Amino acid sequence: IATLPQAQPPVVVSDGWPAQRGDDGIVIGINPEGDETGIAGAYAELSGQEYEEVEVPCILWSHRSGTNAASAARAAAFNLFDAVRALVKSDRRFGGAIRPGMPARVSTWSVAQTSAATQAGEGRVCEIRFVVTWQHRG
């Protein structure tokens, strides 16, 4: 993700909680409601092959101030999100790391945007939470 043109500094890209803050960023493997990221083993097919079901939660955000801050934050967040989705679609096997199984995909996503009047002086933030999932033979 860090190689994407849309994710170059000053965009913060971090595996886990970042050590720095920025107006734009993406964190990989973060589950703010819990302490764990899920990986589960499962037996699939009649062949008895063991597969890993992997879910990697991620969060990206954009912060903007000034006129049209809400729409600017949303546009910036979706610009980054669309780049991440395009990256996943371009190599659903993650360079061969995912062996036969279900290729990687962005399986779910949701958007939250600050909107309270008391927050207006601080600008607006658009946050997109998404999950990248895949299944591969263990």
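# Briefing: buried spots and an aromatic cluster

Serine 14 has a relative accessible area of 12%, so it counts as buried. That value, like everything else here, comes from a predicted model. The chain is built from 1 helix and 6 strands, and 31% of its 138 residues count as buried. Below is a quick tour: the overall layout first, then the strand pair around Ser14 and Val27, then the helix, its aromatic rings and the cysteines.

**How far to trust it**

- Averaged over the chain, pLDDT comes to 85, and 85% of the residues reach 70 or more.
- Where is confidence highest, and where is it lowest? Helix α1 is at the top with 95, while strand β3 (residues 39–44) sits at the bottom with a mean of 57.

**Overall layout**

- Reading from the N terminus, the elements go β-β-β-β-α-β-β.
- Take the contacts between residues at least 6 apart in sequence: 62% of them join residues at least 24 apart.
- About 8,200 Å² of the chain is exposed, and carbon and sulfur atoms supply 51% of that.

**Around Ser14 and Val27**

- Serine 14 belongs to strand β1 (residues 12–15).
- What does the side chain of serine 14 have a polar atom close to? One of its polar atoms lies 2.7 Å from the backbone oxygen of glycine 16.
- Setting aside neighbours within four places in sequence, serine 14 is in contact with Ile26, Val27 and Ile28.
- Val27, one of those partners, is part of strand β2 (residues 24–28).
- Valine 27 has a relative accessibility of 1%, which means it counts as buried.
- Which residues does valine 27 touch, if those up to four places away in sequence are not counted? The answer is Ser14, Gly16, Pro18, Pro57, Cys58, Ile59 and Trp61.
- Glycine 16 therefore turns up twice in this neighbourhood: its backbone oxygen faces the serine 14 side chain at 2.7 Å, and its C-alpha atom is 5.7 Å from that of valine 27, although the two residues are 11 apart along the chain, with valine 27 itself buried at 1%.

**Leu80 on the helix**

- Leucine 80 is located in helix α1.
- Buried or exposed? Leucine 80 is buried, with just 3% relative accessible area.
- Not counting residues up to four places away in sequence, leucine 80 touches Gln6, Ala7, Val11, Gly25, Ile26 and Leu60.
- Ile26 is also a contact of serine 14, and it appears among the residues that leucine 80 touches.
- Along the chain, leucine 80 and aspartate 24 are 56 residues apart, yet 8.9 Å separates their C-alpha atoms.

**The aromatic rings**

- The chain has 5 aromatic pairs.
- One of them joins phenylalanine 81 and tryptophan 109: the ring centres are 5.3 Å apart, the planes meet at 55°, and the pair is tilted.
- Why does this pair tie together separate parts of the chain? Phenylalanine 81 is in helix α1 (residues 69–90) and tryptophan 109 in strand β5 (residues 105–113), so the pair connects parts 28 residues apart in sequence.
- The two partners sit in different surroundings: phenylalanine 81 is buried at 0% relative accessibility, whereas tryptophan 109 is partly exposed at 43%.
- Phenylalanine 81 also pairs with phenylalanine 130, with centres 5.3 Å apart and planes at 55°, so this pair is tilted too.
- Phenylalanine 130 lies in strand β6 (residues 124–137), 49 residues from phenylalanine 81 in helix α1, and the pair links distant parts of the chain.
- Phenylalanine 130 has a relative accessible area of 2%, so it is buried.
- Put together, Phe78, Phe81, Trp109 and Phe130 make up one aromatic cluster.

**Cysteines**

- How many disulfides are there? The count is 0.
- Cysteine 58 is buried, with a relative accessible area of 4%, and it is also one of the residues that valine 27 touches.
- Cysteine 126 is buried as well, at 0% relative accessibility.

How values were computed: Residues are numbered from 1 along each chain as its sequence is written. This is a predicted model: local features need pLDDT of at least 70, side-chain atom pairs count only at pLDDT 80 or more; totals for chains, interfaces and linings use all residues. Side-chain values use heavy atoms; hydrogens and water are left out. Rings of Phe, Tyr and Trp (its six-membered ring) pair if their centres lie within 6.5 Å; planes under 30 degrees apart count as stacked, over 60 as edge-to-face and the rest as tilted. Helices (H or I, at least four residues) and strands (E, at least two) are DSSP runs, numbered from the N terminus. Buried means under 20% relative accessible area, exposed over 50%, partly exposed in between (1.4 Å probe, protein chains only). pLDDT is the predictor's confidence in each residue, from 0 to 100. Contact means heavy atoms within 4.5 Å. Accessible areas come from the Shrake-Rupley method with a 1.4 Å probe; for residues, only the protein chains shown count as cover. A disulfide is a pair of cysteine sulfur atoms within 2.5 Å. A polar contact is a pair of N or O atoms within 3.5 Å; within protein, one must be able to donate a hydrogen and the other to accept it, and residues adjacent in sequence count only if both atoms are side-chain atoms.
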